[in-house]
Amino acid sequence: DYLGQSATVASISPPTSDVEALMARHYDLCRQEVLRMYPWHFAKATAMCTRIGTPLTDYLDQYQLPSDFIRLLSVGGQIEEWQRDNFRILGQTICINNALPNGSNPPAGAATINIRYITDVTDIPIWDALAKKILALVLAVDCGYQITKQEDVVTRCAKLLAQCLPDAFSIDGQENTPKRIERSRILDRRRNT
């Protein structure tokens, strides 16, 4: 619709037309792109990650991320100051230094850690209406030129996408109680961090 085309996409699995084949190639990538661009409430999840060993890098522990992992929100279920500099995502794993001097986190070698993350939501009916609109616009921008051969149509879709993003993020962000996150230089010195 955003491209001004009358052709419809009945199914991308399996595709029966050139447009459906194009959508099949881009759909999963665009869906995951929209999920990564913002911590949507409908896509938040928690998981317990299992330790798989000690990485070869500068970290003490390595844990397996869930198979539907898109984006990390926090470790331990809470947003904590120590998390900012003490973990690294490597492929489908998270490397972390659990044992820190203040003792506020699991010990080194802990069998599991809890994470909050964005999950790969494939069931589009549970998506927020504004996230669905953004997904449609991202698809239109990514696939528009191949379908229409008109650069101005793609440019119009890109401008519409840029206009929709702030409103969608703002509305989604207003649906939960706000959390104030501060970093105090005084408390950091007191904690020797």
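What follows is a walk through the packing of two helices and the nonpolar cores of this predicted model.

A pair of packed helices is described by the angle between their axes and by the distance that separates those axes. Here, helix 1, which covers residues 18-36, packs with helix 2, residues 129-148, at an angle of about 135°, and their axes lie 9 Å apart. Because angles over 145 degrees would be needed for a roughly antiparallel label, this angle makes helix 1 oblique to helix 2. The crossing in which helix 1 passes helix 2 is right-handed.

On the side of helix 1, the contact is made by Val19, Leu22, Met23, His26, Tyr27, Cys30, Arg31, Glu33 and Val34, while helix 2 contributes Ala131, Ile134, Leu135, Val138, Leu139, Asp142, Cys143, Gln146 and Ile147. Sorted by class, this contact of helix 1 with helix 2 holds 13 nonpolar residues, together with two polar and three charged ones.

Two residues of that contact, Val34 and Ile134, lead on to the interior. The largest nonpolar core has 24 residues, and Val34 and Ile134 are among those with the most contacts inside it, as are Leu35, Trp40, Phe42, Ala43 and Trp127. Helix 1, helix 2 and helix 3 (151-173) each supply at least two residues of this core, and helix 2 gives the most, with seven residues.

Ile134 shows how such contacts are arranged: leaving aside residues up to four places away in sequence, Ile134 touches Val34, Met37, Trp40, Leu161, Leu165 and Ala168. Apart from this core lies another one, of 13 residues, including Ala47, Val75, Ile96 and Ala110.

Technical notes:
Residues are numbered from 1 along each chain as its sequence is written. This is a predicted model: local features need pLDDT of at least 70, side-chain atom pairs count only at pLDDT 80 or more; totals for chains, interfaces and linings use all residues. Side-chain values use heavy atoms; hydrogens and water are left out. Axes are lines fitted to C-alpha atoms, for helices over the stretch in contact, and angles run from 0 to 180 degrees between N-to-C directions. Helices (H or I, at least four residues) and strands (E, at least two) are DSSP runs, numbered from the N terminus. Angles under 35 degrees count as roughly parallel, over 145 as roughly antiparallel, 65 to 115 as roughly perpendicular and the rest as oblique. A crossing is left-handed if the near helix is turned anticlockwise from the far one by less than a right angle, and right-handed if clockwise. Contact means heavy atoms within 4.5 Å. Ala, Val, Leu, Ile, Met, Phe, Trp, Tyr, Cys and Pro count as nonpolar, Asp, Glu, Lys and Arg as charged, and the others, Gly among them, as polar. A nonpolar core is a set of buried Ala, Val, Leu, Ile, Met, Phe, Trp, Tyr and Cys residues joined through side-chain atoms within 4.5 Å. Buried means under 20% relative accessible area, exposed over 50%, partly exposed in between (1.4 Å probe, protein chains only).
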